[in-house]
Amino acid sequence: MRIVVLAGGIGGARFLRGLRQAAPGADVTVIGNTGDDIHLFGLKVCPDLDTVMYTLGGGIDEEQGWGREDETFRVKEELAAYGVGPAWFGLGDRDFATHIVRTQMLAAGYPLSAVTEALCARWNPGVRLLPMSDDRVETHVAVTLDGERRVVHFQEYWVRLRASVDAEAVVPVGAEQAKPGPGVLEAIAAADVILFPPSNPVVSVGTILAVPGIREAVAEAGVPVVGLSPIVGGAPVRGMADKVLAAVGVEATAAAVARHYGSGLLDGWLVDSVDAAAVDEVEAAGIRCRAVPLMMTDTDATAEMARAALALAEEVRA
């Protein structure tokens with residue numbers, strides 16, 4: 001079975017770990033979000049790609065869900081002593097090595113897709129990890145700070161501001177001019193199943209779909225497309241997805257997110273058991289829906305979620 005997964009960071013990475021357990025013989029291709037990418041300290045940082053790579057490769061900090069395990073922050077401390085910022089973004093010493101290698105390879109002329117493949121050769125994540133594009137795309141958020149409307153990088157909104165102010169608009173800068181990365185459209189066309197994990201529907205999966213050609217390829221793939229709700233009981237399972245959903249006029253409910261993707265894209269949608277009342281509403285929108293436990297408490301529970309998604313895909317196919 002060939003499975004394509006459109007994934008963001010922590011939620012997507014943890015879902016993928018469960019998917020590997022649920023379908024150990026599957027050929028899994030992950031199309032990773034690069035809209036979170038940012039240049040810091042002269043280095044190219046790809047948070048979502050690295051979170052997938054570290055999580056599946058066994059090097060992630062399990063407690064926080066990002067960064068390296070057993071990390072130290074001496075370089076960050078030295079930079080702060082020199083007055084070099086930003087102080088709000090914490091790169092650990094081990095993590096710095098990944099970004100140095102990536103930046104050197106990019107400077108030597110290698111595209112991001114080739115760099116990602118080279119980095120994955122060390123981590124052996126057990127999936128094929130493809131950046132959504134080799135072109136530069138950065139998600140920016142419009143906010144009002146101290147009475148002044150500003151646009152900040154998504155990382156600054158999420159990490160420094162902690163989504164403490166309303167997001168007034170979310171814009172994937174550069175997406176309209178970007179091209180799908182090598183292998184992305186081919187993987188979608190060859191897929192037996194396409195999955196949207198419980199990643200952020202606006203700034204993770206939504207940014208991937210904003211690259212011209214990717215949404216169309218998913219919609220026209222002719223295979224089941226099944227998503228899992230990142231909203232449980234009217235709130236994000238993790239993070240602050242409700243803030244960016246509000247910016248695009250979408251309620252923070254499982255049914256509203258399904259409608260946001262739409263029946264032209266989704267064939268099936270899983271909601272959490274606590275949102276079972278939303279099943280009829282989702283199905284009224286033309287999307288087959290089932291209610292199952294969606295809390296990724298451990299890998300076994302996540303594997304059950306993945307099995308439920310694949311079972312719904314087979315139900316749709318039949």
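Tutor: Let's start with a pair of residues: histidine 140 stands opposite histidine 153 in S7. Keep in mind that this is a predicted model.

Student: What makes S6 and S7 a pair of strands?

Tutor: Two strands count as a pair if there are at least two bridges between them. Strand S6, residues 138-145, is joined to S7 by six bridges, so the requirement of at least two is met. The two strands run antiparallel.

Student: Which strands make up the sheet with S6 in it, and in what order?

Tutor: The order is S7-S6-S8, an open sheet of three strands with antiparallel pairing.

Student: Why are S7 and S8 said to stand at the edges?

Tutor: Each has a single partner strand, so one side of each is left without a neighbour in the sheet. Ignoring direction, neighbouring strands of this sheet are turned by 30° against each other on average.

Student: How do you know that S1 and S2 pair, and in which sense do they run?

Tutor: Use the cut-off of at least two bridges again. Strand S1 (residues 2-7) and S2 have six bridges, in the parallel sense, and therefore they count as paired. Within this pair, arginine 2 stands opposite aspartate 27 in S2.

Student: Why is strand S2 called mostly covered?

Tutor: A residue is buried when its relative accessible area is under 20%. In S2, residues 27-32, five of the six residues are buried.

Student: Is glycine 12 buried or exposed, and how do you know?

Tutor: Glycine 12 has 0% relative accessibility. Buried means under 20%, so glycine 12 counts as buried. Its place is in helix H1, and it touches Ala7, Pro197 and Ser199, leaving aside residues up to four places away in sequence. Glycine 32 lies 20 residues from glycine 12 in sequence, with 9.0 Å between their C-alpha atoms.

Student: What about asparagine 124: why is it called exposed?

Tutor: Exposed means over 50%. Asparagine 124 has 61% relative accessibility, so it counts as exposed. This residue sits in the loop between helix H5 (112-123) and strand S5 (128-131). Its phi is positive, about 50°, although it is not a glycine.

Student: Which value makes arginine 162 exposed?

Tutor: Its relative accessible area is 57%. Set against the cut-off of over 50%, that value makes arginine 162 exposed. Arginine 162 is in the loop between helix H6 (154-160) and strand S8 (169-173), and its phi is near 55°, a positive value in a residue other than glycine.

Student: What is the peptide bond from glycine 85 to proline 86 called, and where is proline 86 found?

Tutor: That bond is cis, with omega near 5°. Proline 86 is in the loop between helix H3 (74-81) and helix H4 (93-107).

Student: How many cavities of 30 Å³ or more does the structure hold?

Tutor: There is one. The largest cavity has a volume of about 40 Å³. Among its lining residues are Ile10, Arg14 and Arg17. Helix H1 (10-22) and helix H2 (47-57) are the elements that give two or more residues to this lining, and H1 gives the most, with three.

Student: What kinds of residue make up the lining of the largest cavity?

Tutor: It divides into two nonpolar, three polar and four charged residues. For example, Gly65 is in the lining, and it is called polar because Gly is counted in that group.

How values were computed: Residues are numbered from 1 along each chain as its sequence is written. This is a predicted model: local features need pLDDT of at least 70, side-chain atom pairs count only at pLDDT 80 or more; totals for chains, interfaces and linings use all residues. Side-chain values use heavy atoms; hydrogens and water are left out. On a 1 Å grid over the protein atoms alone, a cavity is a set of points where a 1.4 Å probe fits but cannot get out, and a pocket is an open set with protein on both sides within 12 Å along at least five of seven lines; lining residues have an atom within 4 Å of a point. Grid points are joined across faces, edges and corners, and a volume is the space filled by probe spheres set on the points. Helices (H or I, at least four residues) and strands (E, at least two) are DSSP runs, numbered from the N terminus. Buried means under 20% relative accessible area, exposed over 50%, partly exposed in between (1.4 Å probe, protein chains only). Contact means heavy atoms within 4.5 Å. Axes are lines fitted to C-alpha atoms, for helices over the stretch in contact, and angles run from 0 to 180 degrees between N-to-C directions.
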